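Please read the following report with the model open beside it, and look up each residue as it is named. The account begins with a single residue and then widens to the parts around it.

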Amino acid sequence: MALQSLDIARRSATTTAAPGVRQTTAVAKLIDVSTCIGCKACQAACMEWNDIRDEVGVNHGVYDNPMDLTAKSWTVMRYAEVEEKGKLEWLIRKDGCMHCADPGCLKACPAPGAIIQYANGIVDFHQENCIGCGYCITGCPFNIPRISQEDNKAYKCSLCSDRVAVGQAPACAKVCPTGAIQFGSKEQMKDYAAKRVVDLKSRGYGKAGLYDPAGVGGTHVMYVLHHADRPELYKGLPADPSISPLVSLWKGFAKPLASVAMAAVALGSLFHYVMKGPNEVSKELEDELEKEDAK
Amino acid sequence: MIRNPKDLARYDAHERANHWLVGICFILLALSGLAFFHPAFYPLTQLFGGGVWARILHPYIGVIMAVSFIVMFFRFRALNVMTPADKEWLSRVGEMMNGDDHNMPEQGKYNGGQKAMFWAMALCMLLLFVSGLFLWRAYFNLPVDLVRLGAVVHAAIAAIMIAMIFVHVYAALWVRGTVRAMVYGTVTRAWAKQHHRAWYRQVTGKS
């Protein structure tokens with residue numbers, strides 16, 4: 001969705017500055033896992049607003065439905081049953097794109113303009129520029145993008161960039177009946193989260209905290225977790241996500257280094273020819289064989 | 001084509017066709033692969049009908065190259081076994097590069113440099129093929145850590161390979177009278193005697 005065009009912070013596979021004359025406030029979605037009741041209204045609102053219907057699946061005997069993110073299901077609730085201090089805890093996490101400040105997908109993407117990061121922090125896929133290589137999946141520390149089997153384009157949560165561009169909250173935040181999904185400026189959301197953490201701590205969750213992982217520069221989708229010391233409890237939320245060093249190597253310094261090395265070999269060859277001259281067959285040998293032939 | 005009936009046959013038609021099949025595939029793969037590696041090369045995708053077509057075609061061309069390289073590998077493997085004379089040649093490659101090849105040790109059909117290139121390319125081809133499969137999402141869906149490793153290996157080996165092919169092509173151009181061996185199959189006797197004397201003696205029976 002290319003509604004905004006003057007406030008682009010970063011553009012995939014582009015080495016010059018993107019149009020960024022308009023500065024917008026950094027936004028964030030805050031998902032308070034402790035007040036989520038797992039009703040899936042956010043999933044329904046996501047498909048409603050984006051007007052995408054996934055295949056009707058089958059029940060796997062658990063609440064998770066669909067079982068995983070797909071090219072047509074950009075957010076899913078993940079239900080974890082965890083025993084804490086002899087009590088069952090039902091930890092329900094709304095999974096989807098985290099909108100990293102340092103997005104691994106954008107770093108890995110080879111197609112110019114297929115992935116855009118706006119000044120407000122939203123990381124958006126522009127499918128018309130996507131070539132379907134799947135490098136975004138390789139780059140993502142959260143396993144979010146999915147390639148469509150129908151059109152071979154990558155899809156994920158857009159944080160309703162079209163709604164946000166016109167001052168609306170994302171559809172999931174708008175619909176959430178318990179207020180577990182909040183939306184506003186990143187600063188406001190951090191303040192709100194701080195209050196929720198105080199409340200949770202007073203209720204016996206001593207390790208409650210905000211999930212805004214520094215390894216990816218912070219995220220524009222944040223969680224309030226009752227067990228912020230153990231994010232893995234929440235269906236494998238990574239404790240310390242960062243762009244894999246392999247991806248950084250591949251799309252980081254290897255890119256210019258290898259390009260320069262290849263150019264150096266090509267130029268080196270040319271200059272070798274110019275400076276040393278061709279390696280010709282010696283006249284002496286040619287004459288010698290001619291003489292033999294004449295005999 | 002016979003330019004001079006006394007020219008020596010170096011490659012038969014099948015060997016030449018095989019070599020050029022690998023060569024054409026390599027050029028197409030390098031052009032499309034570079035496009036995915038660095039944005040500066042992205043416009044190369046236009047040669048293939050755009051980014052999506054480049055992404056679709058690249059792995060299939062890779063499979064064709066792998067298969068035709070395997071055939072070429074078995075054609076030439078026996079001729080590329082390293083000998084002590086090759087090692088001696090390699091240790092003195094600086095003289096050769098400097099344009100003074102008169103004192104270089106006598107070489108068979110291939111010199112030490114060509115043999116080293118042969119084995120290095122075989123290793124690179126293997127690594128490229130395997131790591132390329134890791135990245136081929138149309139058919140494979142492997143754990144992301146393997147895909148990441150595959151991406152780094154594929155890019156690094158491809159860059160090394162492109163540099164080696166530059167050297168390979170340059171060597172053929174620099175040593176005059178070489179390219180025709182791969183184009184119409186023959187070389188002059190003087191060329192053979194100067195650059196591959198042991199091979200010259202073997203095919204002509206002369207000293």
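## From one residue to two chains

Leaving aside residues up to four places away in sequence, Phe36(B) touches Pro110(A) and Cys133(A). Before going further, it should be said that this is a predicted model, and every value below is computed from it. Phe36(B) belongs to helix 1 of chain B, and this residue is buried, because 27 other C-beta atoms lie within 10 Å, where 20 or more are needed for a residue to count as buried. Phe36(B) and Ala155(B) are 119 residues apart in sequence, and yet their C-alpha atoms are 9.5 Å apart in space.

## Chain B and the side that touches chain A

Chain B contains nine helices and two strands, which follow one another along the sequence in the pattern β-α-α-α-α-α-α-α-β-α-α. Its C-alpha atoms fill a box of roughly 60 × 35 × 30 Å along the principal axes, and 29% of the 207 residues of chain B count as buried. If one takes the contacts in chain B between residues at least 6 apart in sequence, 61% of them join residues at least 24 apart.

How many residues of chain B are in contact with chain A? There are 38 of them, and they meet 40 residues of chain A. At least two residues of this side of chain B come from each of helix 1 (13-37), helix 2 (51-76), helix 6 (144-174) and helix 8 (189-195) of chain B, and helix 6 of chain B gives the most, with 15 residues. Sorted by kind, the residues on this side of chain B are 23 nonpolar, seven polar and eight charged.

## Two helices side by side

Helix 6 of chain B packs with helix 8 (residues 254-276) of chain A at an angle of about 5 degrees, and their axes are 10 Å apart. Angles under 35 degrees count as roughly parallel, and helix 8 of chain A and helix 6 of chain B are therefore roughly parallel to each other. On the chain A side, the residues that make the contact include Ala254(A), Ala258(A), Met262(A) and Tyr273(A), while helix 6 of chain B contributes, among them, Ala155(B), Ile162(B), Phe166(B) and Trp174(B). The residues of this contact divide into 16 nonpolar, one polar and no charged.

## Strands and sheets of chain A

Chain A has an open sheet of four strands in the order 9-2-11-10, with mixed pairing. Strand 9 (181-185) and strand 10 (209-211) of chain A are the edge strands, each pairing on one side only, and neighbouring strands of this sheet are turned by 25 degrees against each other on average, direction ignored. Helix 6 (residues 186-202) of chain A packs on the sheet and touches strand 2, strand 9, strand 10 and strand 11 (221-225) of chain A, and its direction makes about 135 degrees with that of strand 9 of chain A.

Another open sheet is formed by three strands of chain A in the order 1-5-6, with antiparallel pairing. Strand 1 (8-11) and strand 6 (123-125) of chain A stand at its edges with a single partner strand each, so one side of each is left without a neighbour in the sheet.

The table lists three pairs of strands in chain A.

| Strands of chain A | Sense and bridges |
|---|---|
| Strand 2 (residues 27-32) and strand 9 | antiparallel, five bridges |
| Strand 1 and strand 5 (residues 115-118) | antiparallel, three bridges |
| Strand 3 (residues 76-84) and strand 4 (residues 87-95) | antiparallel, nine bridges |

Single residues can be followed across these pairs: Ala28(A) has Gly184(A) in strand 9 of chain A as its bridge partner, Arg11(A) has Ile116(A) in strand 5 of chain A, and Glu84(A) stands opposite Lys87(A) in strand 4 of chain A. Strand 3 and strand 4 of chain A form a hairpin with two residues between the strands, and there Lys85(A) takes a positive phi near 50 degrees.

## Nonpolar cores

The largest nonpolar core has 103 residues, and those with the most contacts inside it include Val33(A), Cys109(A), Ile115(A) and Met222(A). Not counting residues up to four places away in sequence, Cys109(A) touches Ser12(A), Ala13(A), Ala114(A), Ile115(A), Tyr135(A) and Cys136(A). Apart from the largest core lies another core, of nine residues, among them Val281(A), Ala181(B), Ala190(B) and Trp199(B).

Conventions: Residues are numbered from 1 along each chain as its sequence is written. Chains are lettered from A and ligands numbered from 1 in the order in which they are written. This is a predicted model: local features need pLDDT of at least 70, side-chain atom pairs count only at pLDDT 80 or more; totals for chains, interfaces and linings use all residues. Two residues are in contact if their C-beta atoms, placed from the backbone, lie within 7 Å. Ala, Val, Leu, Ile, Met, Phe, Trp, Tyr, Cys and Pro count as nonpolar, Asp, Glu, Lys and Arg as charged, and the others, Gly among them, as polar. A residue is buried if 20 or more other C-beta atoms lie within 10 Å of its own, exposed if 12 or fewer, and partly exposed in between; C-beta atoms are placed from the backbone. Two strands pair if DSSP finds at least two bridges between them. Axes are lines fitted to C-alpha atoms, for helices over the stretch in contact, and angles run from 0 to 180 degrees between N-to-C directions. A nonpolar core is a set of buried Ala, Val, Leu, Ile, Met, Phe, Trp, Tyr and Cys residues joined through C-beta atoms within 7 Å. Angles under 35 degrees count as roughly parallel, over 145 as roughly antiparallel, 65 to 115 as roughly perpendicular and the rest as oblique.
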